[in-house]
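Q: Could you take a close look at the salt bridges in this one, and then at how the nonpolar core is put together?

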Amino acid sequence: MVDVSCRNKHAMNQKITSQQARLAALYEVSSQLGASLDLSEVLNQVMDAIIKLTGAERGFLMLFDDVNGRLRIMAARNVDQKTIDETSMQISRTVVERTTTMGESILTNNAQEDERFAEQQSVIGYQLRSIMCAPLRARGRIIGAAYVDNRLFTGVFQQEDLDLLSAFANQAAIAIENARLFTQTDQALDRRVQELSLFQRIDQQLNKSLDLNRVLSLALDWSLTHTGAQGGSIGLIERSEETGAPTLKLLIHKGSHELTADTLVPATHPTLSQVLQTKKSIFSANVKAEQAIDGFRAAEQLAVPILREGQIIGLITLESEHRGAIDAEDVAFVERLADRTAVALENSRLYEQIKAANKAKSEFISLVTHELRLPMTTIKGYTDLMLSGMGGELNDQQKQFLEVIRRNLERMSRLIGDLADINRIEAGKMKFENKAFFIQDVVADVVEGMQKAIASRQQNLTVNVPDSLPAVYADPARINQVISNLLSNAHKYTSEHGSIRVSAELNGSCVRIAVTDNGLGISAEDQKRLFTQFFRADTREVRAQQGWGLGLSIVKKIVEAQGGEITFTSELGKGSQFAFTLPLAKA
């Protein structure tokens with residue numbers, strides 16, 4: 001009795017020791033879970049821990065694929081903690097499927113004789129014997145299974161091993177799911193960063209061009225390059241002037257077949273009609289000819305509207321000759337691309353409208369200046385004849401009237417000249433006869449021409465232009481016009497006995513010419529519009545002087561057209577300084 005009691009006590013102690021060892025081992029491997037969020041590392045870590053806990057020859061972790069819902073082997077390890085080669089991944093799919101379907105752990109000590117699995121081809125062919133499999137549960141659902149086996153020996157695993165595997169599998173599933181979610185989030189974030197970088201390049205290219213066809217061609221190119229489509233088209237919505245009915249005009253097409261120039265798609269077209277009604281993308285499979293935007297059959301077609309302020313202004317259509325080429329990510333990408341294309345198209349349209357308006361303005365100014373010059377020349381001619389006495393003796397009052405006519409003719413002539421100059425500059429038709437010359441000569445010529453006017457107001461004019469200044473490279477006639485304009489303004493807006501200064505100095509690779517006065521000055525508000533055409537300050541002193549508000553606009557355009565830069569500083573009531581630069585001839 002004593003011996004039996006001792007043996008029982010010893011067996012119980014061994015069992016307790018064994019359980020404690022198992023629990024200690026379970027605690028050890030469990031404590032290591034969660035140390036990493038790298039999915040591959042976590043899977044191998046879990047698999048090695050399971051083999052260590054169960055004493056298995058090898059083990060496999062299978063997870064359900066989020067896309068197709070099928071089980072995939074994600075980790076395969078042996079007792080030496082090495083990854084098993086793909087050619088050696090022979091397992092019992094029946095055991096795994098039963099575990100994941102029933103949601104219960106399975107133990108068989110000899111699958112060859114187990115009536116549940118003995119007839120399975122995998123068990124017979126792979127000579128499988130001792131097998132354990134436990135489901136992986138995370139957040140209330142089975143995400144896969146943990147499978148271990150020993151192909152050579154029977155009776156390797158006991159119920160305690162299965163309990164240990166099941167307990168650890170529940171903890172491992174949480175770690176695996178966390179790593180998988182982190183990996184998916186990280187991948188999604190990486191894809192988003194890549195997409196943002198891509199769209200940054202797309203935006204730069206789309207907004208770099210204001211040419212309509214170039215914008216459309218770029219949008220279609222990007223759509224085809226970053227999707228599974230092989231061809232497509234892009235067009236704009238046009239509305240009938242009579243009925244207002246919309247029509248899609250295909251402007252750009254790329255693919256295996258050719259389209260006639262400016263192909264029109266009516267609003268009754270089934271695909272276009274659906275897009276116009278829903279204002280959403282339409283994906284079609286096995287596209288018939290009557291469904292295809294371009295009239296040619298395709299395996300798949302994606303039609304994405306280009307929306308601007310809630311209105312459809314165009315359509316991007318992609319086609320594929322193969323099923324499954326265009327997926328949900330392609331649809332999302334093209335929709336985001338369409339939003340950016342809408343902005344670029346609006347900019348292009350506005351640019352076209354501005355060009356048309358500028359062209360109309362230029363044509364109008366050309367017509368007006370031409371039509372006005374002829375009668376003005378006639379009026380001026382007869383005025384000069386009458387003043388010369390060829391029409392008979394004139395009294396003082398008649399002469400005074402004719403002088404008024406001549407002064408206003410000169411004023412109108414200057415206006416016409418200024419308008420013509422602006423027109424030529426903006427149209428890029430103004431010709432500059434650039435050459436090397438000395439700015440000292442031009443300043444002296446302008447000052448000489450202004451001496452009488454300046455003296456009439458008893459203004460003090462100082463000229464500081466060193467003879468040592470090197471030659472500049474520009475059109476001397478146009479620079480004469482610039483300095484004359486700036487000096488004339490200084491004269492007009494400086495009171496009697498005021499001071500005016502013309503100076504020039506070397507400034508790096510340029511010569512800087514400045515006209516400074518202590519006259520009226522310009523308010524901070526008016527400075528913002530100073531170079532705007534036809535702008536004049538709304539003060540009594542400014543309005544008292546003749547002018548059209550064109551001079552400074554012309555000056556700025558002439559200087560910049562010749563590689564210079566114009567700047568100014570001014571303070572109301574204290575005067576102004578206007579300065580511009582000209583490149584040196586040697587530079």
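A: Here's a walk through the charged pairs, then the nonpolar packing.

First, the ground rules: this is a predicted model, where local features need pLDDT of at least 70, side-chain atom pairs count only at pLDDT 80 or more, and totals for chains, interfaces and linings use all residues. Residues are numbered from 1 along each chain as its sequence is written, and side-chain values use heavy atoms, with hydrogens and water left out.

On to the charges. The structure holds 14 salt bridges, each being a side-chain nitrogen of Lys or Arg within 4 Å of a carboxyl oxygen of Asp or Glu. One of them pairs D48 with R77, with 2.8 Å between the closest N and O atoms. That pair links distant parts of the chain, 29 residues apart: D48 sits in helix α2 (residues 39–54) and R77 in strand β2 (residues 71–78). Helices (H or I, at least four residues) and strands (E, at least two) are DSSP runs, numbered from the N terminus. D48 is buried at 14% relative accessible area, and R77 is buried at 11%. For those labels, buried means under 20% relative accessible area, exposed over 50%, and partly exposed in between (1.4 Å probe, protein chains only).

R72 bridges to D65, with the closest N and O atoms 3.4 Å apart. Here R72 is partly exposed at 43%, whereas D65 counts as buried at 17%.

Then there's E238 with K249, at 3.8 Å between the closest N and O atoms. E238 lies in strand β6 (residues 231–239) and K249 in strand β7 (residues 246–254), so this bridge ties together parts eleven residues apart in sequence. E238 itself is partly exposed, at 38%. Elsewhere, K380, D384, E403 and R406 are linked in a network of salt bridges.

Now the packing. A nonpolar core is a set of buried Ala, Val, Leu, Ile, Met, Phe, Trp, Tyr and Cys residues joined through side-chain atoms within 4.5 Å. The largest one has 43 residues, and I439, I479, I483, L487 and F580 touch the most other members. Elements that each supply at least two of its residues include α9 (396–426), α11 (476–492), β15 (499–507) and β18 (575–583). The most comes from α10, with seven residues.

Zooming in on L487, and skipping neighbours within four places in sequence, its contacts (heavy atoms within 4.5 Å) are V446, V447, M450, L461, I500, V502 and V515. Apart from the largest core lies another, of 32 residues, among them L43, A49, I51 and F168.
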